[in-house]
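The exercises below are meant to be worked with the coordinates open in a viewer. Each task is followed by a solution that proceeds step by step.

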Amino acid sequence: MLNKIIITFVLSTSLSVSAFFPSLDDFPKFPKFPKFPEFPEFPELPRFGEFDPVLLQKFYNQFTDAKPDFEREDRMIGEIEDAVMDGDVEYLPLADNKEMFSIYMEAESNEPKGGVIIMHSRGYHANWDSVIKPIRVGMVAKGWHSLSVQMPVLDKKATYYDYVPIFPYAHERIEAAINFYKKLGVDNIVLIAHGCGAHMAMSYFDKVGDDKINAFVGIGMGATDYKQKVVKRMPLDSMLKPVLDIYGEKDFPGVRRSAKDRQWLMNVANNKKSKQKIINKAGHYYKEKGTSDALVTTIDTWLLSLD
């Protein structure tokens, strides 16, 4: 009789306890600790006026309702296409029967060193006089093929936070440029990106990795707008290919302030060939006398050191 009483008590207690506590599946899933507490994957972002930038983190690298301004892109291309004097215009195929405007130049060498893909900054174009044209023409003189590609654009007043949701549209453009070189038999492929183009490149590496290129050159990385912060940590710590982080002595404050953080992440990746270089007297757009030439020389010299 006593045994029956004990068994009944245990069963009733077990039932009441299980009814009170939810199953393990009902417990909230706690986020994993970031790999580096000093540099969380998604840094804390203050509200920007009425806008909560946490939404950008929640949907980072996902296609949303936000779309590039294709009409403005078409207008820009219409204005610059006939003005391209150095190089040949190439339209590279994209999904949904779309095409990407680009400018290709063959290396001025019987033994080309490889091919560079050049990504312009926010709101500009593939033949932009500052930074982009000096690189695409200058690298050809150094013995490299160059392919300057048109990146997605928005309205002239659009800010960094406006551009973040359209980063995924840059991915297929990078892939199209890589495939262009592959079809030409060019295997030594280097991605060079400036300003917001570098943000788009980081978005690409974050999504698919860097195994399809041989090296990456980021110019003026970390550039944003006033009181706007980079929404996700750059994947420099996980990149396998060598990285050249290059910025101007007089670059934007945010670019210069974050240089130590970028160097720290590159050190974690532990690629001995990765470097950080400063161009003396240069601003973000390399308009100062001699700075664009110094930029091209620095890139070429570093690339040669990788052999």
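**Exercise 1. Classify Asp245 as buried or exposed, and find the partner of its side chain.**

Step 1. In this predicted model, Asp245 has a relative accessibility of 0%, and because the limit for a buried residue is under 20%, Asp245 counts as buried.

Step 2. The side chain of Asp245 meets that of Arg262 in a salt bridge, with an N to O distance of 2.6 Å.

Step 3. Asp245 belongs to strand E7 (residues 243-248) and Arg262 to helix H9, so the salt bridge ties together parts that are 17 residues apart in sequence.

Step 4. Arg262 has a relative accessibility of 3% and therefore counts as buried.

**Exercise 2. Determine how much of helix H6 is buried, and compare its span with the expected one.**

Step 1. Helix H6 covers residues 168-183, and its 16 residues reach 24 Å from the first C-alpha to the last, which is close to the 22 Å expected at 1.5 Å a residue.

Step 2. Of the 16 residues of H6, 12 are buried, so the helix is largely enclosed by the rest of the structure.

Step 3. Among the buried residues of H6 are Pro168, Tyr169, Ile174, Ile178, Phe180 and Tyr181, and the charged residues Arg173 and Glu175 are also on that list.

Step 4. Just after H6, Gly185 takes a positive phi of about 85°.

**Exercise 3. Identify the salt-bridge partners of Arg173 and Glu175, and state where each partner lies.**

Step 1. Arg173 forms a salt bridge with Glu73, in which the N to O distance is 3.0 Å. Since Arg173 lies in helix H6 and Glu73 in helix H3, this pair ties together parts that are 100 residues apart in sequence.

Step 2. Arg173 is buried, with a relative accessible area of 4%, and Glu73 likewise counts as buried, at 3% relative accessibility.

Step 3. Glu175 forms a salt bridge with Lys212, the closest N and O atoms being 2.9 Å apart. This pair links distant parts of the chain, with Glu175 in helix H6 and Lys212 in the loop between H7 and strand E6 (215-219), 37 residues apart.

Step 4. Glu175 is buried, with a relative accessible area of 19%, whereas Lys212 counts as partly exposed, at 39% relative accessibility.

Step 5. For the protein, the count comes to 11 salt bridges, and Glu41, Asp206 and Lys232 are linked in a network of such bridges.

**Exercise 4. Which element gives the largest share of the largest nonpolar core, and which residues have the most contacts inside that core?**

Step 1. The largest nonpolar core has 51 residues, and those with the most contacts inside it are Met119, Tyr163, Leu191, Phe205, Phe216 and Leu236.

Step 2. The elements that give two or more residues to this core include strand E2 (99-105), strand E3 (115-119), helix H5 (160-163) and helix H7 (196-208).

Step 3. The largest share of this core, eight residues, comes from H6.

Step 4. A second, separate core of 24 residues includes Ile118, Trp128, Ala215 and Ile246.

Step 5. When residues up to four places away in sequence are not counted, Tyr163 touches Arg122, Gly123, Pro152, Val153, Leu154, Ala158, Cys196 and Met200.

**Exercise 5. Describe the surroundings of Phe101, and state whether Phe51 is buried, partly exposed or exposed.**

Step 1. Phe101 lies in strand E2 and counts as buried, at 0% relative accessibility.

Step 2. Beyond four places in sequence, Phe101 touches residues including Ile77, Ile80, Val84, Val89, Tyr91, Ala126 and Val149. The C-alpha atoms of Phe101 and Ala126 are separated by 7.9 Å, although the two residues are 25 apart along the chain.

Step 3. Phe51 lies in the loop between helix H1 (2-20) and helix H2 (54-58), and with a relative accessible area of 32% Phe51 is partly exposed.

Step 4. Together with Phe48, Leu55 and Phe59, Phe51 forms a nonpolar patch on the surface, with about 330 Å² of accessible area in total.

**Exercise 6. Where do Asn61 and Asn270 lie, and is each buried or partly exposed?**

Step 1. Asn61 lies in the loop between H2 and helix H3 (70-80), has a positive phi near 65°, and counts as buried at 8% relative accessibility.

Step 2. Asn270 is found in the loop between helix H9 (259-269) and strand E8 (275-279), has a positive phi of about 60°, and counts as partly exposed at 49% relative accessibility.

How values were computed:
Residues numbered from 1 in each chain as written. Predicted model: local features only at pLDDT ≥ 70, side-chain atom pairs only at ≥ 80, totals over all residues. Heavy atoms only, no water. Patch = residues over 30% accessible without salt bridge, like charges linked within 9 Å, V, L, I, M, F, W, Y side chains within 5 Å. Areas by Shrake-Rupley, 256 points an atom, 1.4 Å probe, with all protein chains shown as cover. Salt bridge = Lys/Arg side-chain N within 4 Å of Asp/Glu carboxyl O. Helix = DSSP H or I, 4+ residues; strand = E, 2+ residues; numbered from the N terminus. Buried < 20%, exposed > 50% of the residue type's maximum accessible area, 1.4 Å probe, protein only. Expected span 1.5 Å × (residues − 1). Core = buried A, V, L, I, M, F, W, Y, C linked by side-chain atoms within 4.5 Å. Contact = heavy atoms within 4.5 Å.
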